[in-house]
Each structure stands twice: as C-alpha cells, then as structure tokens.
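Subject: Structure for your review

Dear colleague,

Please find the structure below, handed over for your own work. My findings follow it.

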Amino acid sequence: MSTLLEVKNLKKYFKVPAGTLHAVDDVSFQIETGTTMGVVGESGCGKSTLGRTLIHLLPPTEGQILLDGKSITNVKKRQLHTLRKNMQMIFQDPFSSLNPRMSVSQAIGEPLQIYGLVKNKQELDRRVRETMDTVGLAARLADSYPHELDGGRRQRIGIARALVLQPRFIVCDEPVSALDVSIQAQILNLMQDLQRENGYTYLFITHDLSVVRHISDEICVMYLGKVVEHSPAKELFQHCCHPYTKALLSAIPIPNIDVKRERFLLKGEITSPIDPKPGCRFAARCSYATEACRQESPELRELSPNHFCACHHPLM
C-alpha cells in the first residue's frame, strides 16, 4: 500500500496579544492510500487546525506536507486551485457550512461548475443526481434548502459536496458530532462504504473515542498541539502507553453496570499553549510526572512496531 499523504514536523502558530499560540507543534505522520487516520483529543488540542492546515485553509508556519511524495507545503494560488480538487473537507456543523441561499442541487453542483467539469446543464443535473443517490439523498430534495432539512440530511449534503469532485483525500472535521446517535451510525457506515468502493483516504477528526475506534485504521492522540501517541487503532485500545490516552479511554462509557474498571482521573490546570515552557505539556495534569518531565519535552519513540509514544515514563 502506498503513502498518499506525509506530514513532517508541521507547525501552525498564531500571533495573539499574549504571545504566540502553538496550535500545531511539530506534528509528523503519514497516511496510506485508502485508509483512515483518526485524530482525537480534547477541545482546543489543535485537531481542527491540523486538518485545515493540511488542505491549506490555513498556511503552515513550518514543516512539510507531501502528497504522493511531492511537496505541497507552499503552493501558489493557481496550483492551490488544482490541488483542492484532490483535497476536500467535510465540516463539523452541517448547517453553518452550507449557504442558506443555495438549494441542495446548487450546493452540490457548484464545485463542478467552478472546475468546469460539466459541459451543459443536463450533464450537471445528471452528476448532481448521481452524487445525491450515492450519499442517500432522495431526488425529491434537489430543490430544498438547508433550513428545510434535518441534521442528517444536511450532513449528507456536505459529504456530497466534498465527494462530487472525486477527491483522493478528505478531512472529516467531527462530521457526526452534531448528530444524534442513530444518524451518526448511518453517516459513519456511509463513509466506510464509500471508502471501500472508491478508495478514499480520510483524516477523521473527533473527540469521541468510540467513533474513532469504529472507523479508523490508525489513531493519533493530540494534546495541546502535540501528538502524544500514535498507533494502529486496535493496538491503541489494547495497549495504550501514554497517561493521557489512558485517561481518555477510561472515560468511555460502558453500557454494563456490572463491568468495573480503573479510572484515570486528570487533575490540575491545563498548560497554556501560548509560548509554552520547555517540558512535557501534560506534566501539570499527570500523576506520574517527574522533574525530568517538567524540564525536557519527550520525543515520539517507537515502543513496539508502528506504536509511538511521547512520554518519559510510558505505562507499558
């Protein structure tokens, strides 16, 4: 299996009145073609900023982004227009991400018109109908507007809009977090079916570990802009090593009152991501932290095949 996307030491900083906010700080990973990389962590850890930087909605501060082995880190406006045909995004809020003045067919057909992929209105209507059918939107909804539809149908419009150009890489920014559980399952199953049929590659951003376990091949755990653990999905849930990952996993509800398990409770204040001091950013909340953790930032180390952890004292 070939590598589609490779990220090397990617950084995205923002200048704020108090200093420099390290939203994404020295992140590296690669995603194989036709697979899903899950990115999890608390709100504010940099997940969405990472996704937006990868597809150039935000310019990177430092680092490299490679697509098919070719650098796309710094591209000109014309190159970016071509690049975005292969890199699309499904946004978190299925209502605010849609133009309220555009009908379903107009929203889905707009990318085809922008890229000149249809010759006439008949071909445009055919492509739109095919895409609507692919994502499970009834043809009778073609002239409907977002405010007339429920959350699940709105999100299907967002998925259809991203897929209509047949991209190779799709950033899914919490695409089911605003939906109820039954609709979440429908959308996740739809995305997996489309991946199997068309070979799409996903970066799936979420704070819900149950969701990421269901859909991901590999998982990156982020904390305050840093990747603290990265491994295959099955390995992470069976043998996680970072204290933060253990705390996240222990917070997943178990639908069985007879099952007892150890809870890893987090205490202390979250370190500020603005001009962070040297040392592990999780040290202030970690019960295993030592003086070394507060002085030196841990690097990602491979503890077992393809399982990386950034911790001075991994919990093996």
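In this predicted model, eight strands form an open sheet with mixed pairing, in the order 6-7-8-3-9-10-12-11. Its edges are strand 6 and strand 11 (301-304), each of which pairs on one side only. From one strand to the next, the twist averages 20°.

At one of these edges, strand 11 runs antiparallel to strand 12 (residues 307-309), and three bridges join them. Within this pair, Ser-304 is placed opposite His-307 of strand 12.

Two helices on the sheet deserve mention. Helix 5 lies across strand 6 and strand 7, and runs at about 180° to strand 6. Helix 6 packs on the sheet as well, where it touches strand 3 (36-40), strand 6, strand 7 and strand 8 (201-205). The direction of helix 6 makes about 155° with that of strand 8.

I examined helix 5 (residues 151-163) further. At 1.5 Å a residue, its 13 residues should span 18 Å, and the end C-alpha atoms are indeed 18 Å apart, so the two values agree. At the N-terminal end, Asp-150 acts as a cap, with a side-chain oxygen 3.3 Å from the backbone nitrogen of Gly-152.

Helix 5 is also mostly covered, as 11 of its 13 residues are buried. Among them are Gly-152, Arg-154, Arg-156, Arg-161 and Leu-163. The cover over the buried residues of helix 5 includes strand 6 (87-90), strand 7 (169-173), helix 3 (104-114), helix 4 (121-134) and helix 6 (181-198).

Yours sincerely,
A colleague

Terms used
Residues are numbered from 1 along each chain as its sequence is written. This is a predicted model: local features need pLDDT of at least 70, side-chain atom pairs count only at pLDDT 80 or more; totals for chains, interfaces and linings use all residues. Side-chain values use heavy atoms; hydrogens and water are left out. Helices (H or I, at least four residues) and strands (E, at least two) are DSSP runs, numbered from the N terminus. The expected span of a helix is 1.5 Å times one less than its number of residues. Buried means under 20% relative accessible area, exposed over 50%, partly exposed in between (1.4 Å probe, protein chains only). Contact means heavy atoms within 4.5 Å. A polar contact is a pair of N or O atoms within 3.5 Å; within protein, one must be able to donate a hydrogen and the other to accept it, and residues adjacent in sequence count only if both atoms are side-chain atoms. Two strands pair if DSSP finds at least two bridges between them. Axes are lines fitted to C-alpha atoms, for helices over the stretch in contact, and angles run from 0 to 180 degrees between N-to-C directions.
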